[in-house]
Amino acid sequence: MLATHVEQWAQKLEYRGEQRGLQIGEQRGLQIGEQKGLRDGEARTLLHLIERRFGPAPDWARANLATADLDTLDLWTTRILDAKSLEDIFQ
């Protein structure tokens with residue numbers, strides 16, 4: 001009888017552990033998705049501003065935008081306000 005109870009407790013703990021693992025995984029996935037969405041949105045906005053100000057963006061500028069992290073995109077977005085050329089943004 002004690003062995004049965006121990007087995008049931010072990011199963012409950014295992015189930016709770018699995019559920020907690022799923023919750024953590026889901027939260028992490030949402031965080032990653034949110035960060036990717038923010039990064040992609042900022043890159044799209046900056047591309048729009050670049051093309052509005054300087055004309056069609058060359059491939060090298062698009063490649064920079066595609067690989068930049070969010071902090072770098074924020075910096076470049078600020079630089080567009082004073083940039084005299086496209087190169088001034090990415091320096």
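# Getting to know a four-helix chain

Trp60 sits in helix 2. The model here is a predicted one.

Me: How many helices and how many strands does the chain have?

Reply: Reading along the sequence, you get the pattern α-α-α-α. Each α there is a helix, so the tally for the chain is four helices and zero strands.

Me: Is Trp60 buried, exposed or partly exposed?

Reply: Buried would need a relative accessible area under 20%, and exposed one over 50%. Trp60 comes in at 37%, so the label is partly exposed.

Me: Leaving aside its neighbours within four places in sequence, which residues is Trp60 in contact with?

Reply: One partner, Phe90, belongs to helix 4, 30 residues away from Trp60. Once neighbours within four places in sequence are left out, the contacts of Trp60 are Leu86, Glu87 and Phe90.

Me: How are the rings of Trp60 and Phe90 arranged: stacked, tilted or edge-to-face?

Reply: A pair of aromatic rings is described by the distance of the centres and the angle of the planes. By the ring rule, the chain has two aromatic pairs. For Trp60 and Phe90 the centres are 5.4 Å apart and the planes stand at 75°. Planes over 60 degrees apart get the third label, so this pair is edge-to-face.

Me: Which residues do ring pairs link into a cluster?

Reply: Phe90 also pairs with Trp76, with ring centres 4.7 Å apart and planes at 70°, so that pair is edge-to-face. This second pair connects helix 3, where Trp76 lies, to helix 4, where Phe90 lies, across 14 residues. Both Trp76 and Phe90 are buried. Put together, the ring pairs make a cluster of Trp60, Trp76 and Phe90.

Me: Which helix gives the most residues to the largest nonpolar core?

Reply: That core has 15 residues, and those touching the most other members are Leu46, Ile50, Leu65, Leu73, Trp76, Ile89 and Phe90. Helix 1, helix 2, helix 3 and helix 4 are the elements that give two or more residues. With four residues, the top contributor is helix 1.

Me: Which residues does Ile50 contact, leaving aside its neighbours within four places in sequence?

Reply: Ile50 is one of the core residues that touch the most other members. Setting those sequence neighbours aside, the contacts of Ile50 are Gly55, Ala57, Leu65, Ile80, Leu86, Ile89 and Phe90.

Me: Which residues are linked in a network of salt bridges?

Reply: Lys36 bridges to Asp40, with the closest N and O atoms 2.6 Å apart. Those two are four residues apart in helix 1, which puts about one helical turn between them. Asp40 also meets Arg39, at 3.2 Å from N to O. The linked residues are therefore Lys36, Arg39 and Asp40.

Me: Which of Lys36 and Arg39 is buried?

Reply: Lys36 has 52% relative accessibility, so Lys36 counts as exposed. Arg39 has a relative accessible area of 17%, and buried means under 20%. The buried one is Arg39.

Me: What is the N to O distance in the salt bridge of Glu51 and Arg62?

Reply: The whole structure holds three salt bridges, and one of them joins Glu51 and Arg62. This pair links distant parts of the chain, with Glu51 in helix 1 and Arg62 in helix 2, 11 residues apart. Glu51 is partly exposed at 28%, and Arg62 is partly exposed at 37%. From N to O, the distance is 2.7 Å.

Methods. Residues numbered from 1 in each chain as written. Predicted model: local features only at pLDDT ≥ 70, side-chain atom pairs only at ≥ 80, totals over all residues. Heavy atoms only, no water. Salt bridge = Lys/Arg side-chain N within 4 Å of Asp/Glu carboxyl O. Buried < 20%, exposed > 50% of the residue type's maximum accessible area, 1.4 Å probe, protein only. Core = buried A, V, L, I, M, F, W, Y, C linked by side-chain atoms within 4.5 Å. Contact = heavy atoms within 4.5 Å. Phe/Tyr/Trp six-rings, centres within 6.5 Å; stacked < 30°, edge-to-face > 60°.
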